[in-house]
Amino acid sequence: MEPRNFDGDADRPRSAGATQTGRVLVIGPYLRVRAGGADAQSETHALRDTEARLDEAAGLARAIDLVIADAIVAPVSQIRPATYIGKGKVEEIAGLIKTLEVELVVMDCALSPIQQRNLEKEWHAKVLDRTGLILEIFGRRAKTREGSLQVELAHLNYQRSRLVRSWTHLERQRGGFGFMGGPGETQIEADRRLIQERISKLESELKKVQATRRLHRAGRQRVPYRVVALVGYTNAGKSTLFNRLTRAEVQAADMLFATLDPTLRALTLPHGGKAMLSDTVGFISNLPTQLVAAFRATLEEVLEADVILHVRDISHEDAEAQQSDVDAVLRQLGINPDDSGRIIEVWNKIDRFDPEEREELLNIAARRPEDHPAMLVSAVSGEGIDALLAAIEQRLAAKRTTLDLSIDAADGAGISWLHRNAEVLSKELHDGRFDMTVRVDETKRDIVVNRFDAVPHHAT
């Protein structure tokens, strides 16, 4: 779709097909960035291409099967408290809505409850802002009990902020009883109370989910499996890469937020070691704070991960801005995006480049600092996957200690313990004893040294 700039004198769109119902108008009310703007918001907007932003907003609408009648940019010089955009643009867009017979308007921004109400009155159509749209998508995508709880919690927090004295039914009051009655409880107060009660119940249920997750994580920690987590902008190809690395069949589609619920699968490393690979929900620019808070339980897999793969769609025109958005969410989670010992940057979709562009990309990657490498891969073709696996194995090995030891072949309990709690790299039988080389977590190093008289491994 070619987005149009709706600045007052844009041509009216064709009216063909205007009789369809359920049609949606997507509006990008983007602030004009002043030249030389030094604030962080100006820098973020300068990074992100306006056309790409609008295309992403339309993609969000398509993700829940909405029919896009048109998508336009409405430049904003100053945010209006009443309607976000200026009065003139409100009137012009009202005409467009009538011409296209639009029933829903998606505003690619965060609207206050008052702004949303005023625009609905002016346009005689339902108005949904970016937060509400993302919440709708998450509501459709959630499959597990945990995901449903998280989405409902985020949605209720959003609804609570929408309870303003905007509609006549909220003016009603519940009467009291006899002389103790008084004015009673207003409907808006009752709605707020009911929402708060439901929020408290959901938070309690999510705490139980978190406790279960901690038990599962503790169980994995007893086994020598490390955790590798995939993070990245939505539609960067995380699920396709997940399937390529684990030979799983997780849904991978060319749509925003195709994956919502977290998935864990075993990952086999080049030298036979094992790790757990976690696929998580994709990030997006201006991710609603309600969702970051609600999905913190899901994202605990990322918080606990030994290695984080930041998957980037390097072919996307907004790749740099998307990286900044992911880094911002990681910081909200308390993760330093510049932690080179933990994060590996994965440049995905290199199959979309021609040979010359790919060579240029390789040169750019080669000039990066050694402690901040970029792994070039194609999750579709498999190119670069072996090198990525080797890099993952190297990072995991750097966090563990390799030890040599000798154990009596008759000590079945000791041998079994080592197989459960360490990664056995080699095991040879000599004169009734097993000479073993094992790799262990730092937390178990002293146990192995003291119990089996293990010594640091010296490669020959």
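What follows is a walk through a predicted model, from its overall makeup to a helix pair and a four-stranded sheet.

The chain runs to 460 residues, and buried residues account for 50% of them. Its secondary structure comes to 15 helices and 17 strands. Much of the contact network links parts that are far apart in sequence: of the contacts with a separation of 6 or more, 70% involve residues 24 or more positions apart.

As for confidence, pLDDT averages 80 over the chain, and 78% of the residues score at least 70. Two stretches fall below 50. One is residues 1-21, which still has 49 contacts in the model beyond near neighbours in sequence. The other is residues 37-46, with eight such contacts. Where pLDDT is low, the predicted coordinates should not be read in detail.

Helix α8 is a good place to start on the details. This helix, residues 238-246, is mostly covered, with seven of its nine residues buried. The buried set is made up of K238, S239, L241, F242, N243, L245 and T246, so a lysine and an asparagine sit in it alongside leucines and a phenylalanine. What do these buried residues pack against? Their partners are five strands and a helix: β8 (226-232), β9 (263-268), β10 (274-279), β11 (307-313), β12 (343-348) and α13. Just past the end of α8, R247 adopts a positive phi of about 60 degrees.

The pairing of α8 with α13 can be described further. The axis of α13 (residues 385-398) comes within 11 Å of that of α8, and the two cross at roughly 80 degrees. The two helices are therefore roughly perpendicular to each other. On the α8 side the meeting residues are L241, R244 and L245; on the α13 side they are I385, L388 and L389. Sorted by class, this contact has five nonpolar residues, one charged residue and no polar ones.

Towards the end of the chain, attention turns to an open sheet. Four strands build this sheet in the order β15-β16-β14-β17, with antiparallel pairing. Its edges are β15 (423-430) and β17 (455-456), each of which pairs on one side only. In between, β14 (residues 400-408) and β16 (residues 433-441) are joined in the antiparallel sense by nine bridges. Helix α15 (residues 442-452) packs on the sheet, where α15 touches β14 and β16; the directions of α15 and β14 differ by about 25 degrees.

Two arginines help to fill in this region. R439 belongs to strand β16, and T402 stands opposite it. Is R439 buried or exposed? With a relative accessible area of 15%, R439 is buried. Setting aside neighbours within four places in sequence, R439 contacts A397, R400, T401, T402, A422, E423 and L425.

The second arginine, R451, is found in helix α15. Its relative accessible area is 45%, so R451 counts as partly exposed. Beyond neighbours within four places in sequence, R451 touches A413, G414 and W417. One of these, G414, lies 37 residues away along the chain, yet the C-alpha atoms of R451 and G414 are separated by 8.9 Å.

How values were computed:
Residues numbered from 1 in each chain as written. Predicted model: local features only at pLDDT ≥ 70, side-chain atom pairs only at ≥ 80, totals over all residues. Heavy atoms only, no water. Pairing = 2+ DSSP bridges. Contact = heavy atoms within 4.5 Å. Axes fitted to C-alpha atoms, helices over the stretch in contact; angles between N-to-C directions. Parallel < 35°, antiparallel > 145°, perpendicular 65-115°, else oblique. Nonpolar A, V, L, I, M, F, W, Y, C, P; charged D, E, K, R; others polar. Buried < 20%, exposed > 50% of the residue type's maximum accessible area, 1.4 Å probe, protein only. pLDDT = per-residue confidence, 0-100.
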